[in-house]
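Got the viewer open? Let's take a short walk, one selection at a time.

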Amino acid sequence: ENSSSLIASSREPDVNSLESPTLLHLFSHIEFIKQQMARDNVQFVRFESIDLHGVSRSKNIPSRFFHEKAIHGVAMPRSYLELTLNPRDNELDFINATNFNCDIILNPDLSTFRILPWTEQTARVICDSFTVLGNPLMTSPRHIAKKQLSQLQDNGFSLQSAFTYEFCIYGITEIVNSKTISFPAATILNNHDQTFIQELIEGMYYAGANIESFSSSSGPGQMEITFHPVFGIDAADSAFTFRTGIKEVAKKYNYVASFFSESGFYNSGALSHSLWDLNGQKNVFSAGYGAEELSDIGKNWLSGLLAHTAAISCLMAPTTSCRKPYSKYSKESKETVNAKWAYNDNSCAFNVKCHGGKSTRIENKLSSATANPYLVLAATIAAGLDGIKRRLRYDDMLDEENHTADLKPSSVPLKLEDALVALEKDSCIKEALGETFIRYFVAMKHYELETEEMDSERNKCLGYFI
């Protein structure tokens with residue numbers, strides 16, 4: 001029957017585990033996949049990883065080499081994953097040229113193997129990146145997210161989450177004076193091109209991204225998609241699958257799909273999440289059936305998000321244009337705006353939804369659709385878990401002595417530069433996500449900010465791959 005569901009059920013029971021399975025298990029898993037590939041006549045396997053921008057970087061391997069590469073991994077230049085902007089060797093003082101130019105190894109997570117329904121005879125597998133000596137790459141977004149999930153596990157919790165994405169779909173009309181002119185596809189696209197929507201939603205399901213709803217949104221050609229909530233790393237894996245897949249399906253129908261908006265309206269990438277016990281049986285955010293209130297643990301978690309808002313905002317909204325909507329919350333021109341929270345209010349940065357007891361959840365709406373889903377997941381956990389560990393309460397936070405005078409908790413810097421400063425000053429988030437990653441991310445963003453004015457053409461191109 002449906003072989004992708006077979007693979008899903010053959011997954012290790014503990015999705016957050018960082019341990020590698022035994023060799024015997026590995027070989028039997030590879031054999032199982034090879035039989036599936038033979039049955040479905042798969043010719044190529046895409047070994048896929050995500051770069052810091054949230055863009056897929058992959059190598060295609062003919063299926064006859066799959067066994068060997070599944071065991072030994074696939075080599076890829078480090079610069080593909082860490083920077084899309086090629087720095088001059090002296091640009092980032094702590095990265096020497098040899099480090100930047102070396103290879104890394106992509107090791108497949110075989111539980112993510114799926115046949116791609118929208119391409120010919122091709123399968124894909126999501127990979128984790130390692131140095132040639134076998135250490136996890138410290139700048140790898142998936143590694144950082146898995147590490148936070150295992151921290152959560154150590155504290156007796158699991159996370160159920162789902163992304164909601166807004167994005168734009170354009171139809172390409174014609175090429176005028178060597179420039180491609182595109183126009184928004186019909187706003188009510190789900191009524192306008194049913195075959196595209198059907199192929200997209202069905203295809204995504206078999207590729208591992210379970211779409212719960214698909215609708216038109218407010219802007220021209222703007223759509224909104226919501227995934228079914230899942231535990232662990234699967235939420236970010238689904239989002240990653242979708243971000244690449246929608247571009248490929250759109251191309252078949254002569255559309256262009258983009259998460260990046262030059263035209264001023266905002267594509268959000270909210271992360272709806274709830275905290276559960278280790279077995280995923282009890283939602284610990286829920287204060288009881290029908291109560292429009294967060295539990296004490298939920299209040300601690302929300303307070304952690306509010307306390308670290310300034311720092312995590314640059315991971316949530318990593319480009320200058322995706323921060324612009326933050327300023328619409330404030331009438332006068334300021335350096336920062338306050339991140340607000342409320343029950344069932346979609347205009348807030350943190351919207352607490354209590355529709356029935358079991359589904360109490362917090363929507364992190366700081367996040368833009370251009371953000372890397374693994375980093376959004378990791379930063380949300382790091383901030384929330386700190387709130388639980390320190391038993392933070394938002395009502396006490398205003399009179400906490402330890403926050404710096406210039407930036408009070410829950411303020412969102414409107415400028416990316418200020419958010420980067422806040423990230424560097426936040427020792428908790430820095431420690432959680434790793435000093436190496438933070439240093440690298442900040443340097444990369446500074447490099448982009450410096451070259452942004454000169455390079456407006458590049459920003460237009462960003463739309464094609466974000």
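Is K415 buried, partly exposed or exposed? It counts as partly exposed, because its relative accessibility is 42% (buried is under 20% relative accessible area, exposed over 50%, partly exposed in between, with a 1.4 Å probe and protein chains only). Before moving on: this is a predicted model, where local features need pLDDT of at least 70, side-chain atom pairs count only at pLDDT 80 or more, and totals for chains, interfaces and linings use all residues. Residues are numbered from 1 along each chain as its sequence is written, and side-chain values use heavy atoms, with hydrogens and water left out.

Stay on K415, which sits in the loop between β18 (411-413) and α14 (416-425). Helices (H or I, at least four residues) and strands (E, at least two) are DSSP runs, numbered from the N terminus. Now add R323 and E335: K415 touches both, leaving aside residues up to four places away in sequence (contact means heavy atoms within 4.5 Å). R323 is 92 residues from K415 in sequence, yet their C-alpha atoms are 7.4 Å apart.

Next, show the aromatics. The whole structure has 20 aromatic pairs; rings of Phe, Tyr and Trp (its six-membered ring) pair if their centres lie within 6.5 Å, with planes under 30 degrees apart counted as stacked, over 60 as edge-to-face and the rest as tilted. Select F196 and Y255 for an edge-to-face example, 5.2 Å centre to centre with 65° between the planes. F196 belongs to helix α8 (residues 194-207) and Y255 to strand β12 (residues 255-258), so the pair ties together parts 59 residues apart in sequence. Both residues are buried.

Then pick F227 and F242: their ring centres are 5.5 Å apart and their planes at 80°, so this pair is edge-to-face. F227 is in strand β10 (residues 222-227) and F242 in helix α9 (residues 234-252). F227 is buried at 3% relative accessible area, and F242 is buried at 0%. Widen the selection to F163, Y165, F167, F214 and F259, which ring pairs link with F227 and F242 into a cluster.

While F259 is on screen, add R243, which lies over the face of that ring, 4.8 Å from its centre (NZ of Lys or CZ of Arg within 6 Å of the ring centre and within 35 degrees of the ring normal).

Last stop: which residues of α11 and α12 make their contact? I312, L315 and M316 of α11 meet L375, V376, A379, T380 and A383 of α12.
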